[in-house]
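Visitor: I have a model open in front of me and would like to learn how to read it. Could you walk me through a few features, starting from a residue that a database has flagged?

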Amino acid sequence: MPLNKEIQPGDNDELTRERLQATFDTQQMAAALWGSDLARKRRELAKKVDKLTVLHDSKDMSFMTREEKLSENARKVVQMFAHVADIVEDPSDDAEMFHLSSNAIGHEGHPFGVHFVMFIPALKAQADDEQREKWLMPALGLQLIGTYAQTELGHGTNLRALETMATFDKATDEFVIHTPTVTALKWWPGSLGKSSNHAVVSANLIIDGKSYGHHNFMVQIRDENTHKPLKGITVGDIGPKMAYNASDNGFLGFDHHRIPRRNMLMRHAKVDKNGVYTKPPHAKIGYSAMVHVRSVMIGHQGMFLGSASTIAIRYSLVRRQGEIKEGSGEVKILDYQTQQHRLFPQLARAYVFMFAGKEVRELYQKVLSDMEKGETTLLADLHALTSGLKSVVTHLCVAGMEQCRMACGGHGYSRASGIPEIWGVAVGGCTYEGENMVMLLQLARYLMKAVKETKKGKSLGRLVDYLLLPQDRHSLIGRVPQGEYGPHLAAFEHIARRQIFKVADELTKLQDKGMSKEIAWQKKAVELQRAARLHTRFYLAACFHRKVQSVVDGRIREALADLYHLHLNYELLDMVNYALEDAYLKADQVDFIREDMYRLLETIRPNAISLVDAFEFSDRELRSVLGRRDGHVYENLYKWAKESELNRADVLPYFDKYLKPMMLAARQRSNI
Ligand SMILES: CC/C=C\C/C=C\C/C=C\C/C=C\CCCCC(=O)SCCNC(=O)CCNC(=O)[C@H](O)C(C)(C)COP(=O)(O)OP(=O)(O)OC[C@H]1O[C@@H](n2cnc3c(N)ncnc32)[C@H](O)[C@@H]1OP(=O)(O)O
Ligand SMILES: Cc1cc2nc3c(=O)[nH]c(=O)nc-3n(C[C@H](O)[C@H](O)[C@H](O)COP(=O)(O)OP(=O)(O)OC[C@H]3O[C@@H](n4cnc5c(N)ncnc54)[C@H](O)[C@@H]3O)c2cc1C
């Protein structure tokens with residue numbers, strides 16, 4: 001069987017020659033990335049969207065105002081739902097729906113941006129059966145539009161300081177939702193400003209003057225027909241953001257707004273009509289929608305970095321600049337070692353983030369089904385894992401995307417590249433769903449507990465089993481036959497374990513000297529978040545290893561293994577100070593890692609285009625002139641620029657209004 005190499009009529013010849021060099025079948029690689037079923041569904045879906053012109057952008061969003069963007073994406077999302085049954089096989093499959101949304105709508109946001117990502121997951125996990133019937137069914141059936149309103153103007157991280165109140169009024173069997181101060185205004189919820197008519201609102205539950213901490217309440221905020229805010233509710237848009245400007249992130253205030261008692265989400269925590277409170281089986285079970293989003297973000301961020309890598313690598317095969325050997329003609333910029341070193345490690349990261357995204361979703365599904373039965377043992381493990389992954393992955397994605405942008409030179413800075421928008425959306429991920437540093441410290445808490453268990457000879461959970469293993473004094477990198485990478489993975493494990501125990505010991509020493517636990521924690525916070533990062537980077541490397549081992553097809557395994565080995569080398573060099581501190585690695589071993597990395601850049605180079613083709617991002621989805629599959633970049637850049645609103649007339653009014661009078665006056669003065 002010939003290998004599939006994604007060659008199509010009309011393609012740029014340079015790219016065709018590149019594609020013919022591939023050592024593997026891109027559709028099989030796509031199956032390794034997405035799973036074979038999803039890869040097939042994605043392919044079919046993209047073809048269907050291509051044929052449905054109502055789902056196409058009416059013009060490039062870069063040339064639209066915010067209001068035009070909101071309107072355009074509202075139009076497309078409605079068309080998307082109208083045609084969903086003809087396009088996707090299973091509308092309840094989040095991955096398929098995300099792909100549809102990426103193709104038809106893009107990543108700038110739309111009125112249902114939080115509805116499916118948080119509002120529905122919150123209802124699924126926290127509403128009881130009767131409440132599911134009342135809100136989940138209509139929400140799934142698009143009879144209402146919901147958002148998740150937790151963050152306030154004054155507090156996002158410290159949830160215990162949220163000020164919105166839900167005071168139980170026994171006499172009327174209602175909660176009174178109130179915003180006591182300006183800092184208590186809900187602030188940031190996606191699609192709240194102008195689109196949503198319902199919100200899951202976090203508010204402090206107060207019964208007979210006693211506060212029970214914040215809980216989630218279903219609040220209708222707008223009239224379902226007029227869409228006007230209900231009495232006692234103030235709501236609006238918070239203004240333009242770095243990116244994601246087709247989303248109306250909003251503010252929301254309540255003036256003693258009354259809702260029925262049964263609007264508190266009561267699957268776990270409950271309040272009866274006499275004001276008797278029942279505790280949930282786990283104090284943090286009400287945080288499940290956040291954990292859900294964190295788990296989804298890992299794979300999504302991998303896709304964002306995959307998109308940026310696709311754009312930069314394809315463009316680097318079209319762009320020629322300078323000569324390597326004088327007189328032999330200009331080379332493709334991807335032939336420069338520096339360009340490969342800039343881009344291939346980002347490609348490898350994109351792959352592993354997608355693999356990790358899949359693993360973590362499987363764990364989330366398990367925890368969700370456990371929670372349904374009131375079983376919460378794995379919740380802390382999942383929280384720790386997603387907190388670390390969310391932080392490390394978003395951080396590395398954004399750094400990687402910036403490399404991709406710079407690797408495209410000047411054209412990378414143009415919105416025509418498509419990178420600025422996806423970068424802007426991805427960078428939001430460092431903040432939303434838990435600020436990265438804060439979430440790393442959550443994982444560090446878990447790791448410090450794990451150390452305590454380890455010292456008793458026990459493991460806190462599967463993810464920290466490695467803490468029980470003894471430390472090796474010296475690495476075997478470069479001391480075993482060429483091609484064996486076990487010692488590389490062992491080095492990740494070593495530096496994570498060493499940093500975790502080191503900071504745990506330092507904390508103990510400070511406390512032994514009489515310092516309080518909290519102050520000791522502050523003194524060591526930077527070291528603690530480092531431990532969390534190293535643990536997560538070890539998890540990612542081990543996840544890549546598991547994936548490569550699981551691949552059956554030899555050609556795919558070989559191409560993936562090259563990326564995996566590059567990842568090991570590149571990431572180890574990025575963290576090498578930790579391995580040098582205790583002389584675990586010697587200088588010659590660091591040189592060995594570098595040389596092997598350079599060798600791998602050359603090995604990967606012929607497969608580069610096929611490794612990005614294997615993501616199977618459609619041109620519609622990438623929204624990038626530089627990253628076009630057919631490689632016809634220059635003529636389309638020119639066409640794109642001509643669409644600029646500034647080109648609607650040769651002379652724009654500001655010239656006559658400001659510049660012309662100034663120049664005339666200057667000329668007159670010089671004639672005097
Ligand atoms: C998904 C993206 C989709 C598409 C991508 C496309 C485009 C993207 C564009 C835009 C984005 C679209 C949607 C994004 C939506 C974003 C929505 C939001 O941002 S919603 C708001 C999110 N807010 C946060 O994440 C707040 C962060 N803060 C916290 O989580 C908590 O305050 C805290 C920092 C964890 C501390 O909590 P708290 O003060 O209550 O905790 P305590 O100190 O009392 O107790 C700590 C104790 O509890 C454990 N714990 C904390 N959280 C959890 C949890 N979730 N599960 C289990 N356990 C938890 C913690 O480990 C401690 O345990 P202990 O050590 O004491 O045993
Ligand atoms: C694009 C986007 C979409 C969003 N969508 C929603 C939504 O739909 N619904 C919703 O409710 N919210 C939403 N948010 C809000 C988001 O969840 C919060 O902004 C986020 O949780 C961070 O909280 P904060 O803004 O209070 O940051 P802060 O906590 O004020 O962070 C500021 C700085 O303080 C540091 N810091 C804070 N606490 C600590 C600590 N304990 N230890 C060490 N350092 C600390 C942080 O590390 C950071 O450097 C969204 C935000 C964005 C950007």
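Guide: Happy to, and please keep in mind that this is a predicted model. Let us start with Glu-433: leaving out residues up to four places away in sequence, Glu-433 touches Met-290, Val-293, Arg-294, Met-297 and Lys-390.

Visitor: What does UniProt say about Glu-433?

Guide: The unreviewed UniProt entry places the feature "active site" at Glu-433. Such annotations may be inferred rather than shown by experiment.

Visitor: Is Glu-433 buried or exposed?

Guide: The way to read this is to count neighbours: a residue is called buried if 20 or more other C-beta atoms lie within 10 Å of its own. Glu-433 has 24 other C-beta atoms within 10 Å, so it is buried.

Visitor: Where along the chain does Glu-433 lie?

Guide: Glu-433 lies in the loop between helix H12 (419-428) and H13, and H13 covers 436-455.

Visitor: Which residues of H12 are buried?

Guide: A useful general idea comes first: an α-helix has 3.6 residues a turn, so residues three or four places apart point the same way. In H12, the buried residues are Ile-419, Glu-421, Ile-422, Trp-423, Val-425 and Ala-426. Their packing partners are helix H8 (288-318), helix H10 (379-407) and helix H11 (409-413).

Visitor: Which residues does UniProt mark as "binding site"?

Guide: The unreviewed entry puts that feature at Thr-151 and Gly-190. They span 40 residues in sequence, yet their C-alpha atoms are no more than 10.8 Å apart, so they gather at one spot.

Visitor: How do the surroundings of these residues look?

Guide: Take them one by one. Thr-151 sits in the loop between S1 and strand S2 (165-169), and with 19 C-beta neighbours inside 10 Å it counts as partly exposed. Setting aside neighbours within four places in sequence, Thr-151 is in contact with Gly-156, Lys-186, Trp-187 and Trp-188. Gly-190 is in the loop between strand S4 (186-187) and strand S5 (198-207), and its 27 C-beta neighbours inside 10 Å make it buried. Not counting residues up to four places away in sequence, Gly-190 touches Gly-109, Gly-113, Val-114, Thr-147, Ser-247 and Asn-249.

Visitor: How many residues surround ligand 2, and which are the closest?

Guide: There are 22 residues around ligand 2, and the closest are Gln-150, Thr-151, Gly-156, Thr-157 and Trp-188. Thr-151 is thus both among the closest residues to ligand 2 and one of the residues marked "binding site" by UniProt.

Visitor: What kinds of residue make up that shell, and which elements supply them?

Guide: By type, the shell around ligand 2 divides into ten nonpolar, ten polar and two charged residues. Strand S1 (146-149) and helix H13 (436-455) each supply at least two residues, and H13 gives the most, with three. The shell also draws at least three residues from each of domain 1 (129-280) and domain 2 (286-458 + 497-619).

Visitor: How do the domains meet?

Guide: Nine residues of domain 1 are in contact with nine residues of domain 2. On the domain 1 side, the touching residues divide into six nonpolar, three polar and no charged. The C-alpha centres of domain 1 and domain 2 lie 35 Å apart.

Visitor: Which span carries the "Acyl-coenzyme A oxidase N-terminal" domain feature in UniProt?

Guide: The unreviewed entry gives that feature to residues 25-145. This span is 68% helix and 0% strand, and its end C-alpha atoms lie 42 Å apart.

Visitor: What should I look for in the backbone angles?

Guide: Most residues other than glycine have a negative phi, and most peptide bonds are trans. Here, Asp-173 has a positive phi near 60°, and His-227 has a positive phi near 65°. Asp-173 is in the loop between S2 and strand S3 (174-178), whereas His-227 lies in the loop between strand S6 (210-220) and strand S7 (233-237). Asp-173 is partly exposed, with 15 other C-beta atoms within 10 Å, and His-227 counts as exposed, with 12 C-beta neighbours inside 10 Å.

Visitor: How does the radius of gyration of the protein agree with that of a compact globule?

Guide: A compact globule of 672 residues would have a radius of gyration near 26 Å, and the protein has 27 Å, which agrees. Buried residues make up 46% of the 672 residues, and the protein holds 23 helices and eleven strands.

Technical notes: Residues numbered from 1 in each chain as written. Chains lettered and ligands numbered in written order. Predicted model: local features only at pLDDT ≥ 70, side-chain atom pairs only at ≥ 80, totals over all residues. Near = placed C-beta within 6 Å. Helix = DSSP H or I, 4+ residues; strand = E, 2+ residues; numbered from the N terminus. Nonpolar A, V, L, I, M, F, W, Y, C, P; charged D, E, K, R; others polar. Domains from an automatic or database assignment. Rg over C-alpha atoms; globule rule 2.2 N^0.38 Å. Contact = placed C-beta atoms within 7 Å.
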